[in-house]
Structures are given as C-alpha cells and as structure tokens.
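Reader: I'd like to go through this model with you and hear the reasoning behind each label. Shall we begin with the aromatic rings?

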Amino acid sequence: MTQHDSSTHRPSADDPRHPGRRMFLRAAAATAAVATGVIATEAAAGAAGQAAPAAAAIPGGFPDYRYLKTLLTPSQLKYNPTGEIIFPCIRGVYDKLANPLGRYYLYYGPHDAPGGICLAYGDSLEGPFTEYTANPIVSNNWQPHYSVSHVASPHVLWNEDVKELWLYFHGENGTTRLARSKDGITFTYDRVVLTTAMMPAGSTETSYARVFRHDLPSRGARYVMLFMLNNQSNHRDIAWGWSADGRTWTFDQQPLVRHSDVGANNIGGPHLLTRDNSTYVVYNTSKENGGNLLITEVGNDFTRRNHLGLFHDSADTAPDNGRSASPTFGTDHGVPYMIYEAGERLQGSIAVARG
C-alpha cells in the first residue's frame, strides 16, 4: 500500500458510431478544437506539421467528442475486486514530476466495497495505459484516519503553489477527503474537506467531487469544487463550493444545477471547463434520462445558469450502451480528448473520445 501517514501538512481512426443519433445543439463553428482550462494538456511543440483536426462545435464552442477506443476494462486488470471501475481523472505529469512512470497518469477505481484509488500510466491520451503494479494506492482502511466500506472517485489537482498532486476522493458517500503527494503515487493524508453536515439538513450524499483552480475575487477564492448532492428526495443535483487554499471550503447551500432545471431525475459527475472568456459545467444524466452529458454556462463568477443542452450523446452500442458519465479532459499535441466512464452504472469501462 502506498498511502502514507504524516502528522504534518507540507505547505486509431475515429468511429462515429451512429452519427445520426447525435442531436447536438450547435453554436458557431469553433476556430480551434481545444478545450481550455484543463490540466492534462501539452503544447504542440515537438509535433512539427501536426495540427488538430477540424471538429464541429457544440454549445459553448467545444468540439464534438467521438468515441475512439476503450482504455481500461475491469476484467483485464490485476486489481479487480468488484468487476467494475468508475470516475477517471487524467493528468499530464511529464512537465511536473521528476522521472514519472509515463507522460500521463490516469486515476480511477472501483466503487463498490472495498473500492480503492488506482493508477494507470501511459505516454499518450489515446493509450495504451499500464496498470500500476501496487494498486490500490489508497485503500478503504487508512489508520488512524479512517476505516470505511469503500473509497472511490479520485480527482487529482496539480497544486502549483506547493508543487504537489492533491487527491480528492470519497468514502463513504457522504464524506470527501484530501490527500497530498509529491510523486502522484505515495500520498500523505491531509483532512476531510466536505461532509453532508456542511450542507442543508437532510443531505444524504456529498460525493464525486472535482476541484479546479479558478479565481473568484469577490469571494476571496482561488479554487472551486463541484460535486453531486443528494437528499431524502433521492434526486441528485450538482452543488459547489469555493476556497482560498483548496483545504478549507465554503459551500453554497443551494444547488448550482438542479436536476429539475434540465428535465432529469438525477445528474452527477460534474466537470468545469472554460472557453472564450466564460465558464461551463459539464455533467451526466442517469440512463433513464438518456445517459448523456449536458452543459450549463455558469460564467466566470458563477452567476449565470444558462442551460445549453446536449454536450455529448452516448451511443447505444458498446462500450457506452446508452450511458456516458464522469468526463475528464485533456489535450495532446493540440488534439482535444475526453476520457470518460462508458457503460451502465457499475458495469462499465474507461473509454476515450477525440474531438
């Protein structure tokens, strides 16, 4: 196990797969097929003569991401306690870490007990990715800090201030925790950052959090957290919070995006994207509501609620089988990619789509 304890806190060709199903609400054609504001990015230097392919634009001017290949399948993994994996998070580490295992680190894990935070590594966003030999790198039992049924949903943030990779993960579903690492493999426990007790009475789940470097001067904040909120109605919404340091948080007591705002029973897996001087939240619906990714413009100050509709239409065929969820984004040599959870809930794999 590579989780460590500490008493101190250191400061292939595209497969369009039934394009006739795609009913994207289109904005003006994008002039560049790059989603800005993501961490797993790489300058086009070194790729002489290689340019991003032209891509159709969807709401907000983002590219039309189309399935390319499956990257990770549970049955092919050494660490596979439950036959399912969820919630990928891709990070470029080639320019951040000394002697990394690969140019990109892909974090993921099973959800059901015992879960576990896992790592795979590769030199291209198109794969292949190699499973780390000592998974899980964080388990459901980390004494003296916690012992829970499962840990899941890894989101890793590069914290430039301290030159560390910060891992946010949940376990149980009502608690989000933070751990920190200099190498992206060995983590030191930090603290609990979110629980249901920090949200309105009756909240039952505060999980699947992602954290982004995003300035909110009016709130004295430099980081934003997006997460899934559930309550006794059992209808999940997207909630949010802000922080000056990524450790101590303030949370809005009202949802950022309500399920009822977009005609769904449940929404989750939120990700923040920026483009053309505005900010957007992309999130998934449950399969009963289409299993697609939707997009809402919130603006740079999070005061807008412009629900733009469809961001990515899941395919009926494998591996999506009618559901795409929990996207994470990156750019490699000027080409935009979306890595996502493909397939029915707790029956899926990790796939990549190219813009």
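Reader: How many aromatic pairs does a search of the whole structure find?

Author: A search of this predicted model turns up 16 aromatic pairs. One of them is formed by Phe62 and Tyr280.

Reader: Why is the pair of Phe62 and Tyr280 called edge-to-face?

Author: Rings of Phe, Tyr and Trp (its six-membered ring) pair if their centres lie within 6.5 Å, and their planes count as stacked under 30 degrees apart, edge-to-face over 60 and tilted for the rest. Phe62 and Tyr280 are 5.3 Å apart centre to centre, with 85 degrees between the planes, so they pass the distance limit and fall in the edge-to-face class.

Reader: What makes this a link between distant parts of the chain?

Author: Phe62 belongs to strand S4 (residues 62–63) and Tyr280 to strand S21 (residues 278–285), and 218 residues separate them. Strands here are DSSP runs of E with at least two residues, numbered from the N terminus. Both Phe62 and Tyr280 are buried, which is to say under 20% relative accessible area, where exposed means over 50% and partly exposed lies in between (1.4 Å probe, protein chains only).

Reader: And how do you know that Phe227 and Phe251 are edge-to-face too?

Author: Their centres lie 5.7 Å apart and their planes make 90 degrees, so the edge-to-face label applies again. Phe227 sits in strand S17 (residues 221–231) and Phe251 in strand S19 (residues 250–251), so this pair ties together parts 24 residues apart in sequence. Phe227 and Phe251 are both buried. There is also one aromatic cluster, made of Phe62, Tyr65, Tyr280, Phe311 and Phe329.

Reader: Before we go on, what should I know about the numbering and the confidence limits?

Author: Residues are numbered from 1 along each chain as its sequence is written, and side-chain values use heavy atoms, leaving out hydrogens and water. Since the model is predicted, local features need pLDDT of at least 70 and side-chain atom pairs count only at pLDDT 80 or more, while totals for chains, interfaces and linings use all residues.

Reader: Thanks! How do you know that the charge of Arg219 sits over the ring of Trp242?

Author: The test asks for NZ of Lys or CZ of Arg within 6 Å of the ring centre and within 35 degrees of the ring normal. The charged end of Arg219 is 4.0 Å from the centre of the Trp242 ring. Arg213 also lies over a face, that of Tyr223, at 5.8 Å from the ring centre.

Reader: Is Glu164 buried or exposed?

Author: Glu164 has 2% relative accessibility, so it counts as buried. This residue lies in strand S13 (residues 164–170).

Reader: What joins the side chains of Glu164 and Arg180?

Author: They share a polar contact of 2.8 Å. That term covers N or O atoms within 3.5 Å; within protein one must be able to donate a hydrogen and the other to accept it, and residues adjacent in sequence count only if both atoms are side-chain atoms.

Reader: Which class do Lys163, Ser326, Tyr132 and Ser75 fall into?

Author: Lys163 has a relative accessible area of 44%, so it is partly exposed. Ser326, at 5%, is therefore buried, and Tyr132 at 16% is buried as well. Ser75 reaches 62% and therefore counts as exposed.

Reader: What is notable about phi in Lys163 and Ser326?

Author: Phi is positive although neither is a glycine: near 55 degrees for Lys163 and about 50 degrees for Ser326. Lys163 is in the loop between strand S12 (152–159) and S13, whereas Ser326 is in strand S24 (residues 324–332).

Reader: Where are the cis peptide bonds you can point to?

Author: One runs from Ala113 to Pro114, with omega near 5 degrees, and Pro114 is in the loop between strand S7 (104–109) and strand S8 (118–122). Another joins Gly171 and Glu172, with omega about -5 degrees. Glu172 is in the loop between S13 and strand S14 (175–181).

Reader: Which residues far along the chain from Tyr132 and Ser75 have their C-alpha distances listed?

Author: For Tyr132 it is Tyr79, 53 residues away along the chain, with 9.3 Å between the C-alpha atoms. For Ser75 it is Ser349, 274 residues away, at 9.5 Å.

Conventions:
Helix = DSSP H or I, 4+ residues; strand = E, 2+ residues; numbered from the N terminus.
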